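Q: Please take one part of this structure and look at it closely, at a pace that suits a first-year student. I would then like to follow the description outward to whatever that part touches.

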Amino acid sequence: MPAFVDIHDVTHVYARAEDGAPAVQGLDLRVQEGEFAAIVGPSGCGKSTLMKLATGLQFPKQGTVIVDGQQVGAPVKLAGMAFQNPTMLPWRTTLDNILLPLEIVEPHRSRLKRHKAEYVAKAQALLAQVGLRGQGEKFPWQLSGGMQQRASLCRALIHEPKLLMLDEPFGALDAFTREELWCVIRDLHAAQKFTVILVTHDLREATFLADRIFCMSARPGRIVAEREVSFPRPRDLEITYTPEFSAVVHDLRGHIAHARSAA
Amino acid sequence: MTVTKRSLMLAPWIFTIGFFALWEIVCRVFGVSSFVLPAPSTILAAIWEYRSQLTYHAFFTLWMTLAGFGLAVVFGLLLGMMLGSSRLINAGTYPLLVGFNSIPKVAVVPILVFWFGVGWVPPVMTAFLISFFPIVVNVATGISTVEPEMEDVLRALGASKRDIVMKVGLPRAMPYFFGSLKVAITLAYVGSVIGEQNASNVGIGNLLTRASAAFEVPLVWAALVVLAILGVIMYAITAAIEQSMTGWAQRSQMAA
């Protein structure tokens with residue numbers, strides 16, 4: 001079965017890089033459809049570059065990026081994105097923020113005006129799923145950081161993307177809120193079966209959520225280790241306290257430490 | 001000492017009245033000649049005496065200022081959008097813009113007279129030329145500082161540059177835009193008065209020129225006071241519009 005996201009021997013140099021040093025070099029990774037993949041690595045290893053390559057915001061200098069059977073040569077349009085910064089627009093209500101992608105992406109863009117009620121109902125259902133029932137009329141700045149991040153997940157999912165890209169989405173949250181949001185994203189993934197690529201620094205987060213974890217080396221980034229995480233689903237937060245779980249985290253930590261010292 | 005809401009409300013009135021009271025006292029105690037510095041009471045009497053003349057000219061100043069200001073808003077928004085959405089245009093035109101803005105506009109008035117003759121055009125054009133720059137700079141800044149993540153979210157969905165400017169850049173630039181209007185309206189006002197002084201036969205600026213040539217000192221001061229009052233009113237209206245249009249920016253900062 002061909003992979004849903006297939007990044008093959010990719011080297012990428014940013015046009016604005018003064019030293020001409022590549023951000024990633026010889027990058028190789030495959031993620032199956034419906035799989036939850038996590039990418040961990042030392043800071044500055046080119047994880048964000050990988051995100052941009054997979055969504056068609058940047059094109060590789062060498063190698064190929066294939067998403068959903070097509071070589072990426074333009075923004076992919078089937079991806080939803082969420083970042084550490086929730087980037088809600090303060091002049092729109094939370095609901096209108098969530099509807100924003102529909103004003104951009106076809107076929108919703110041309111349907112939105114006439115089928116507004118249908119889309120609003122969908123956004124409200126999503127809000128309820130992430131634990132923000134009835135909060136749509138509030139402005140983002142009236143919500144806490146964790147609530148904004150939940151809303152940001154709704155915005156990433158409103159157009160039913162086949163691929164969800166998460167760039168350290170829970171990095172700025174406190175530990176309890178972070179664990180709550182792990183469960184939110186776990187349940188959304190279980191319910192909607194989209195493919196996820198999660199970039200994170202948090203090894204416990206990667207181990208708890210992902211089916212497959214890729215460790216990246218320091219810049220120029222490439223994959224130095226790949227491992228499957230076979231804990232059965234649905235996973236409970238309790239598993240994070242088992243010895244098996246700790247063993248996985250410990251093993252990953254070894255790879256990262258090695259990647260850091262090699263830099 | 002805690003500052004209460006009420007004392008904040010009263011402060012502008014108390015300070016303004018206190019300023020004029022002090023002025024009046026100084027003039028009376030030291031017997032300052034009204035040729036050098038008329039007392040506020042003398043100026044007030046002059047305003048009353050010349051009220052029809054002042055109203056007539058103030059009306060011209062007002063519409064010329066607003067016409068120039070309106071032109072500056074339209075032109076400033078358009079140019080600001082262009083500069084904000086293209087780094088190339090921004091880099092290319094900035095030296096020209098800054099250079100142009102550095103020219104004292106009073107020096108441009110004679111050129112305007114060559115082109116358009118004496119009349120309503122030079123004051124309106126001067127008001128426009130002097131006031132569009134802050135609008136351009138602010139709108140461009142607001143648009144060009146859209147968060148890169150936000151841009152990525154939308155671009156990954158296939159948003160065009162235009163989509164991003166219309167959905168995010170322009171609304172985001174609104175607080176900058178309305179902030180710049182407060183600067184622009186006072187500049188436009190200065191511009192129209194300069195234009196009137198040099199190239200018009202109506203307007204408070206023109207009245208000022210004629211009154212000073214005839215050494216009618218109280219009338220000169222009366223005209224200045226009328227100018228100041230009009231300026232405060234126009235500023236207040238612009239500030240109120242800003243408040244009502246971009247309340248979200250102030251509230252979201254308070255929440256943060």
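A: A residue is called buried here if 20 or more other C-beta atoms lie within 10 Å of its own, and exposed if 12 or fewer do, with partly exposed as the class in between. The model is a predicted one, and chain B is the part to begin with. By that definition, buried residues make up 38% of the 256 residues in chain B.

The secondary structure of chain B comes to 11 helices and 0 strands, and the C-alpha atoms of the chain fill a box of roughly 75 × 60 × 30 Å along the principal axes. If we consider the contacts in chain B with a separation of 6 or more, 77% of them are between residues 24 or more positions apart.

Leu79(B), found in helix 3 of chain B, gives a single example of a residue in these surroundings. Leu79(B) has 20 other C-beta atoms within 10 Å, and is therefore buried. In sequence, Leu79(B) and Val136(B) are 57 residues apart, while in space their C-alpha atoms are 6.1 Å apart.

Helix 3 also offers a packing to examine. Two packed helices are described by the angle between their axes and the distance between the axes. Helix 3 (residues 51-85) of chain B packs with helix 9 (residues 204-213) of chain B at an angle of about 130°, and their axes are 7 Å apart. Because of that angle, helix 3 of chain B is oblique to helix 9 of chain B. On the side of helix 3 of chain B, the residues that make the contact are Gln53(B), His57(B), Ala58(B) and Thr61(B), and they meet Ile204(B), Gly205(B), Asn206(B) and Leu207(B) of helix 9 of chain B. Sorted by class, the residues of this contact are 3 nonpolar and 5 polar, with no charged residue.

From here we can turn to where chain B meets chain A, a contact that takes 20 residues from chain B and 22 residues from chain A. On the chain B side, helix 7 (148-156), helix 8 (161-199) and helix 11 (247-255) each supply at least two residues, and the largest share, 7 residues, comes from helix 7 of chain B. By class, this side of chain B has 11 nonpolar, 2 polar and 7 charged residues.

Chain A, the partner, has strands that form sheets, which deserve a look of their own. Strands of a sheet pair through backbone hydrogen bonds, either parallel or antiparallel. One open sheet of chain A has 4 strands in the order 2-1-4-5, with antiparallel pairing, and its edge strands are strand 2 (24-31) and strand 5 (70-71) of chain A, each of which pairs on one side only. Within this sheet, strand 1 (residues 5-12) of chain A runs antiparallel to strand 4 (residues 62-67) of chain A, and 5 bridges join the two; here Val5(A) stands opposite Val67(A) of strand 4. Helix 1 (residues 47-55) of chain A packs on the sheet and touches strand 1, strand 2 and strand 4 of chain A, with a direction that makes about 120° with that of strand 1.

Asp68(A) is found in the loop between strand 4 and strand 5 of chain A. Although Asp68(A) is not a glycine, it has a positive phi of about 55°. With 17 other C-beta atoms within 10 Å, Asp68(A) counts as partly exposed.

A further open sheet of chain A has 6 strands in the order 6-7-8-3-9-10, and its pairing is mixed. Strand 6 (79-83) and strand 10 (223-228) of chain A stand at the edges with a single partner strand each, so one side of each is left without a neighbour in the sheet. From one strand to the next, the twist averages 15°. The parallel sense appears where strand 3 (residues 36-40) of chain A and strand 9 (residues 212-216) of chain A pair over 4 bridges, and there Ile39(A) stands opposite Phe214(A) of strand 9.

Beyond strand 10, Pro234(A) lies in the loop between strand 10 and helix 8 (243-262) of chain A, and the peptide bond leading to Pro234(A) from Arg233(A) is cis, with omega near -5°.

Key: Residues are numbered from 1 along each chain as its sequence is written. Chains are lettered from A and ligands numbered from 1 in the order in which they are written. This is a predicted model: local features need pLDDT of at least 70, side-chain atom pairs count only at pLDDT 80 or more; totals for chains, interfaces and linings use all residues. Two residues are in contact if their C-beta atoms, placed from the backbone, lie within 7 Å. Ala, Val, Leu, Ile, Met, Phe, Trp, Tyr, Cys and Pro count as nonpolar, Asp, Glu, Lys and Arg as charged, and the others, Gly among them, as polar. Axes are lines fitted to C-alpha atoms, for helices over the stretch in contact, and angles run from 0 to 180 degrees between N-to-C directions. Angles under 35 degrees count as roughly parallel, over 145 as roughly antiparallel, 65 to 115 as roughly perpendicular and the rest as oblique. Two strands pair if DSSP finds at least two bridges between them.
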